[in-house]
Amino acid sequence: MLKMRARLGLLAAPLLVPFLASCGPTPQLRVHDAVIKLNPVDSNPSAMYFTVRGGPTDVYLMSVTSRSVLRTEMHESAVDPETKVMAMRKLDRVLIPADGKVEFKQGGKHVMVWGVNLVGRRLGEVEAQFLFSNNERIVVKARVEEMDGREPDEKTGHSGH
Ligand SMILES: [Cu+2]
């Protein structure tokens, strides 16, 4: 039995080597700073912003969904080179480069969100699910706030409209 344990110890040792040999942590695919900015007009879509950090390999972000909303779409805002007008286009997927950083922010990439439900507004947060091309799913809490950063009217009880 003792002999057996000694042998197992020897077998386990090589497994540690890759960890010790790498100089720095392996990049991990993750999502942070997710926030939904509520549209002041309830029938108009709200926008969701966040940052995605790339993992060890290139992947695509395929969708962002939430059970607390009716519908979502990934968009990118950009100035049309011909008309010089700011316009949005729909994105089917977004490349997240290995060890890279992709920001979804105002005036750029964003997720359009229709129908944020009352529970999410009252709690001031919803659970959002990010699906990637490698089948990884990341679930994060997204803060829900008014356009100017205040807590949702439904949470504070201030109903201005
Ligand atoms: Cu949009």
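P45 lies in the loop between β1 (30-38) and β2 (46-53). Strands such as these are DSSP runs of E at least two residues long, while helices are runs of H or I with at least four residues, and both are numbered from the N terminus. The model is predicted, so local features need pLDDT of at least 70 and side-chain atom pairs count only at pLDDT 80 or more, whereas totals for chains, interfaces and linings use all residues. Residues are numbered from 1 along each chain as its sequence is written.

**A proline in a loop**

Is P45 buried or exposed? P45 is buried, because 20 other C-beta atoms lie within 10 Å. The cut-offs are these: a residue is buried if 20 or more other C-beta atoms lie within 10 Å of its own, exposed if 12 or fewer, and partly exposed in between, with C-beta atoms placed from the backbone. Leaving aside residues up to four places away in sequence, P45 touches N39, M112, V113 and W114. Touching here means contact: the C-beta atoms of the two residues, placed from the backbone, lie within 7 Å. P45 and T72 are 27 residues apart in sequence, and their C-alpha atoms are 9.0 Å apart in space.

**The whole chain**

Let us step back. The protein has three helices and 10 strands, and along the sequence they follow the pattern α-β-β-β-β-β-β-β-β-α-β-β-α. Of its 161 residues, 22% count as buried. Take the contacts between residues at least 6 apart in sequence: 67% of them join residues at least 24 apart.

**How the strands pair**

Two strands pair if DSSP finds at least two bridges between them. Here are some of the pairs in this model.

| Strands | Sense | Bridges | Citation |
|---|---|---|---|
| β2 and β8 | antiparallel | three bridges | |
| β4 (71-79) and β8 | antiparallel | six bridges | |
| β4 and β5 | antiparallel | six bridges | |
| β1 and β10 | parallel | four bridges | |
| β9 and β10 | antiparallel | seven bridges | |

Which residue of β8 is the bridge partner of T72? The partner is V113, and S46 also stands opposite V113. V113 is one of the residues that P45 touches. Elsewhere, L38 has E146 in β10 as its bridge partner, M74 has L91 in β5, and V126 stands opposite A142 in β10.

**The nonpolar core**

In soluble globular proteins, nonpolar side chains tend to be buried together. A nonpolar core is a set of buried Ala, Val, Leu, Ile, Met, Phe, Trp, Tyr and Cys residues joined through C-beta atoms within 7 Å. The largest one in this model has 24 residues, and those with the most contacts inside it are I36, M48, V116, V126 and A142. The elements that give two or more residues to this core are β1, β2, β3 (59-65), β8 (109-114), β9 (125-132) and β10 (137-146). M48 shows who its neighbours are: not counting residues up to four places away in sequence, M48 touches A34, V35, I36, V64, H110, V111, V113 and A142.

**Exposed places**

Now for the other side of the story. E103 sits in strand β7 (residues 101-104). E103 counts as exposed because it has 12 C-beta neighbours inside 10 Å. E103 and H32 are 71 residues apart along the chain, and 9.8 Å separates their C-alpha atoms.

Strand β5 (86-91) is hardly covered: among its six residues, the count of buried ones is zero. β5 forms a hairpin with β4 that has six residues between the strands, and K84 in the turn has a positive phi of about 60 degrees. K84 takes this positive phi although it is not a glycine. Why does K84 count as exposed? K84 counts as exposed because it has 7 C-beta neighbours inside 10 Å.

The hairpin of β9 and β10 has four residues between its strands, and there N135 takes a positive phi near 70 degrees. N135 is not a glycine either, and its place is the loop between β9 and β10. With 8 C-beta neighbours inside 10 Å, N135 is exposed.
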